Amino acid sequence: MFTAISLSGRTVSLLAGKDKAYIASQSQWFCPVCNERLRLKKGRKRRSHFAHVAYTNCPSTTAESEHHLEGKAFLYEWLNKQGAGVSVEAQIFETNQRADLLVHGKEQTLAIEYQCSAIDREKIRARTVSYQSVGIQTIWVLPFYRLRRKGNTIRLQDWEWEVTDHSRYVPRIYFLQAPSTLWIAHLGAYLSPQKAYAQVLSYPLLTSSFEDVKETNPSITNSSKAMLTYKKNCRYGKRLPPTPFSIQVQELLLRHKLPLHLHPAEAGWFLPCQAWVREPPLLWQSWLFIQLLYLLKRQTYISPKMLDQHLQYLSRHLQLSMERTQVLMDQYLTLLVNFDVLYKRNGGFVLAQRIRFPQSADEGYEMDQRYAYKGSSMVTN
Ligand SMILES: [Zn+2]
């Protein structure tokens with residue numbers, strides 16, 4: 001780590017020029033997290049840093065690979081040069097968290113976490129929510145070697161979906177190629193639990209400011225085509241591996257005499273908040289669509305109370321908080337409004353047309369194609 005406390009209690013950072021002389025004059029250092037002794041390691045090849053003298057299970061030592069130290073330092077220097085109020089390894093006392101970098105903006109405080117090692121997605125979620133509880137927004141940055149890309153397809157491990165930034169309408173993932181470039185994968189479609197369609201753009205750190213990078217909002221091309229690739233696979237491709245949720249959804253569909261490949265054309269579309277969900281869009285959207293609309297006649301009113309029951313079920317089965325499930329459901333209902341299946345009335349919705357299910361995979365795929373352009377408008381606007 002780059003921060004330590006001196007014998008007299010002053011907290012210093014190896015990255016801050018103003019601390020340089022003081023650090024040189026001192027010899028005893030203590031960990032800001034666990035108070036144990038630290039040693040200043042002045043590497044010739046490696047960047048200087050503090051390390052615990054004795055073996056410890058201090059949380060500050062986990063994941064401090066060389067890569068992690070380097071990336072953290074580069075991000076710090078880049079932000080510092082722009083005059084952003086930035087501190088490294090900043091302690092947030094209210095939540096007992098330590099941010100890799102904390103940026104004090106005029107309007108908001110931002111934690112930047114540079115995540116190199118694999119981590120449970122629940123941990124990322126918990127940390128993000130915890131920062132949020134004290135008004136801090138989080139941006140997760142992954143090291144460049146985690147960007148596994150073939151053209152416009154990127155591969156994502158389960159936990160990597162969770163680092164997606166949702167502050168812009170098109171969800172995005174940041175990758176740092178130290179020392180020169182920040183890459184952003186703008187997600188445009190879901191392809192499989194391990195793959196997403198993305199527009200990957202690079203931003204040279206020398207000429208781009210953090211604000212530029214944050215505000216960038218490119219249009220995503222061909223996302224409707226990529227969404228159809230997924231839908232085609234759902235109609236004609238291999239069967240899904242049976243998870244408890246997929247079995248439940250398939251049982252529900254079969255009760256209505258629908259094998260999975262004849263799922264409603266209105267299900268299986270990529271929505272920005274899909275990144276939060278482990279289950280494929282085909283499954284949870286088919287479930288919601290059938291539970292909500294099957295058997296309903298045209299012009300039936302769907303009250304907020306009816307929606308609420310489904311919200312609770314989805315929250316449980318997708319293992320998602322009620323708040324996040326609400327956002328996800330709102331996005332899906334908005335999609336159904338775009339599809340002219342529903343329209344809004346009195347805080348609820350009205351079914352605008354009779355529900356029709358495809359009779360064959362071919363017919364289903366034809367229906368999918370009719371929806372594709374409107375489906376992609378959810379991430380291209
Ligand atoms: Zn410690």
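## Two strands side by side

In which sense do strand S1 and strand S3 pair, and over how many bridges? They run antiparallel, and two bridges link S1 (residues 3-6) to S3 (residues 29-30). One place to look is Ser6, which stands opposite Trp29 in S3. Keep in mind as you look around that this is a predicted model.

## The sheet they belong to

S1 and S3 are part of an open sheet of five strands. Reading across, the order goes S2-S1-S3-S4-S5, and the pairing is antiparallel. At the edges you'll find S2 (11-13) and S5 (49-52). Each of these has a single partner strand, so one side of each has no neighbour in the sheet.

## A look at Ala99

Now move along the chain to strand S7, which covers residues 97-104 and includes Ala99. Is Ala99 buried or exposed? It's buried, because 22 other C-beta atoms lie within 10 Å, and the cut-off for calling a residue buried is 20 or more.

So who is around Ala99? Setting aside neighbours within four places in sequence, Ala99 is in contact with Ala90, Ile92, Ala111, Ile112 and Glu113. Val88 is worth finding too: Val88 and Ala99 are eleven residues apart in sequence, and their C-alpha atoms are 7.4 Å apart in space.

## The annotated stretch

Further along, an unreviewed UniProt entry places the feature "domain: Competence protein CoiA C-terminal" at residues 226-362. In the model, that span is 50% helix and 7% strand. The C-alpha atoms at its two ends lie 18 Å apart.

Methods: Residues numbered from 1 in each chain as written. Predicted model: local features only at pLDDT ≥ 70, side-chain atom pairs only at ≥ 80, totals over all residues. Helix = DSSP H or I, 4+ residues; strand = E, 2+ residues; numbered from the N terminus. Buried ≥ 20, exposed ≤ 12 C-beta atoms within 10 Å, placed from the backbone. Contact = placed C-beta atoms within 7 Å. UniProt positions renumbered as here; feature names shortened; annotations may be inferred. Pairing = 2+ DSSP bridges.
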